[in-house]
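Biologist: Could you take me on a close look at a single part of this model, and then show me how the rest of the chain fits around it? I'd love one connected walk-through.

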Amino acid sequence: MIFAGLAYAADAFAQDAGAGAGPAGLFNLGNPMFLMIAMLAIFYFLLIRPQQKRQKEQKQMLANLQKGDTIFTAGGLRGKITGVDETVITMEIAERVRVKVNRSAVGGLVSKGEAPPEKETAKEKISE
């Protein structure tokens with residue numbers, strides 16, 4: 001008796017599929033292919049694309065690190081860059097305490113290096 005119900009459902013599904021076999025058959029909201037395409041689009045825009053964007057920004061930040069920048073590592077250390085190599089960064093975490101970390105261990109940039117000092121400011125001109 002259960003099999004008769006399944007056979008009836010399969011027959012009804014086959015008739016519906018035959019009726020919607022035209023060009024609009026793919027865009028039928030009940031079509032499994034449409035649902036798969038919609039789910040893939042949702043995954044792309046909500047998960048894959050933002051992750052790729054973050055990876056691109058991280059890679060660019062690592063490439064632009066330079067001496068004098070203040071960074072933090074994935075382990076939680078925070079310090080100023082004193083030396084930059086191809087894969088290793090030397091950073092000063094306290095006065096005369098320097099550690100070497102892999103470039104890939106850098107978690108982020110706290111601040112860029114200090115701006116070069118101005119030669120003369122307006123206040124110095126006035127005071128003279």
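Modeller: Happy to! Let's take helix 2, which covers residues 32–63 of this predicted model. With its 32 residues, helix 2 reaches 45 Å from the first C-alpha to the last, close to the 46 Å expected at 1.5 Å a residue. At the start of the helix, look for N31: one of its side-chain oxygens comes to within 3.2 Å of the backbone nitrogen of M33.

Further along, helix 2 has a kink of about 40°, and the centre of that kink is Y44. Stay on Y44 for a moment. Its relative accessibility is 36%, so Y44 counts as partly exposed, falling between the 20% limit for buried and the 50% limit for exposed. A search for aromatic pairs through the whole structure gives one. That pair is Y44 with F45, in an edge-to-face arrangement with 5.1 Å from centre to centre and 80° between the planes.

Now for the core. The largest nonpolar core is made of nine residues: M61, L62, L65, I71, I81, I89, M91, V101 and V106. Helix 2 supplies at least two residues of this core, and so does strand 3 (88–94). A good residue to click on next is I71, a member of that core. Leaving aside residues up to four places away in sequence, I71 touches a long list of partners, including L65, I81, I89, M91 and V106. Others that I71 touches are L77, R78, G79, G108, L109 and V110.

From there, move to A74, which sits in the loop between strand 1 (70–73) and strand 2 (78–84). Is A74 buried or exposed? A74 counts as exposed, because its relative accessibility is 68% and the cut-off for exposed is over 50%. Even so, A74 has partners from elsewhere in the sequence: not counting residues up to four places away, A74 touches A105 and G107. A74 and G107 are 33 residues apart in sequence, yet their C-alpha atoms are 4.7 Å apart in space.

Finally, let's zoom out to the whole chain. The secondary structure comes to three helices and five strands, and along the sequence the pattern reads α-α-β-β-β-β-β-α. Of the 128 residues in the chain, 16% are buried. As for contacts between residues at least 6 apart in sequence, 36% join residues at least 24 apart.

Conventions. Residues are numbered from 1 along each chain as its sequence is written. This is a predicted model: local features need pLDDT of at least 70, side-chain atom pairs count only at pLDDT 80 or more; totals for chains, interfaces and linings use all residues. Side-chain values use heavy atoms; hydrogens and water are left out. Helices (H or I, at least four residues) and strands (E, at least two) are DSSP runs, numbered from the N terminus. The expected span of a helix is 1.5 Å times one less than its number of residues. The bend at a residue is the angle between axes fitted to the seven residues ending there and the seven starting there. A polar contact is a pair of N or O atoms within 3.5 Å; within protein, one must be able to donate a hydrogen and the other to accept it, and residues adjacent in sequence count only if both atoms are side-chain atoms. Buried means under 20% relative accessible area, exposed over 50%, partly exposed in between (1.4 Å probe, protein chains only). Contact means heavy atoms within 4.5 Å. A nonpolar core is a set of buried Ala, Val, Leu, Ile, Met, Phe, Trp, Tyr and Cys residues joined through side-chain atoms within 4.5 Å. Rings of Phe, Tyr and Trp (its six-membered ring) pair if their centres lie within 6.5 Å; planes under 30 degrees apart count as stacked, over 60 as edge-to-face and the rest as tilted.
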